[in-house]
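Me: Could you take a close look at a single part of this model and set it in the context of the whole chain? I would like one connected account rather than a list.

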Amino acid sequence: MVEVNIKPLADRVLVKPDPAETKTSSGIIIPDTAKEKPQKGTVFAVGKGKKNEPMILKEGDRVLYGKYSGTELKWDGEEYLIMRESDVIAII
């Protein structure tokens, strides 16, 4: 994993979304206008958690999250999402 100098606060996590699918499983190429936002990614950084709630997620976890979860962020040419831990649906 690449070192990122962003440290989320409280119960927030920094997630790098997976790239959008460019081809279906049957080989059909998906045009840019029809691509959907990815809903899975890798956790790059985690906050310290709330006072009585320790963080469950850790760096390197692969996660699923809601389609419109988090705030988009561009840093050093890369796209990331910052979201609350509660916005993460599952660890995969």
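Reply: What follows concerns the surroundings of one aspartate, after a short view of the whole protein and before a look at a patch on its surface.

The model is a predicted one, and the protein in it has six strands and zero helices, so that its pattern, read along the sequence, is β-β-β-β-β-β. Its C-alpha atoms fill a box of roughly 50 × 25 × 20 Å along the principal axes, and of the contacts with a separation of 6 or more, 62% are between residues 24 or more positions apart. Of the 92 residues, 30% are buried, while carbon and sulfur atoms hold 53% of an accessible surface of about 6,600 Å².

Aspartate 18 is found in the loop that lies between strand 1 (12-17) and strand 2 (40-46), and this residue counts as buried because its relative accessible area is 17%, under the 20% limit. Leaving aside residues up to four places away in sequence, aspartate 18 touches Pro38, Lys40, Gly41, Thr42 and Arg62. With the last of these, arginine 62, the aspartate shares a polar contact of 2.8 Å between the two side chains.

Strand 3 covers residues 62-65, and leucine 64 has its place there. Leucine 64 is classed as partly exposed because its relative accessibility is 31%, a value that falls between the limits of 20% and 50%. Together with Ile89 and Ile92, Leu64 makes a nonpolar surface patch of about 280 Å².

Key. Residues numbered from 1 in each chain as written. Predicted model: local features only at pLDDT ≥ 70, side-chain atom pairs only at ≥ 80, totals over all residues. Heavy atoms only, no water. Patch = residues over 30% accessible without salt bridge, like charges linked within 9 Å, V, L, I, M, F, W, Y side chains within 5 Å. Areas by Shrake-Rupley, 256 points an atom, 1.4 Å probe, with all protein chains shown as cover. Salt bridge = Lys/Arg side-chain N within 4 Å of Asp/Glu carboxyl O. Helix = DSSP H or I, 4+ residues; strand = E, 2+ residues; numbered from the N terminus. Buried < 20%, exposed > 50% of the residue type's maximum accessible area, 1.4 Å probe, protein only. Polar contact = N/O pair within 3.5 Å; in protein donor to acceptor, adjacent residues only side chain to side chain. Contact = heavy atoms within 4.5 Å.
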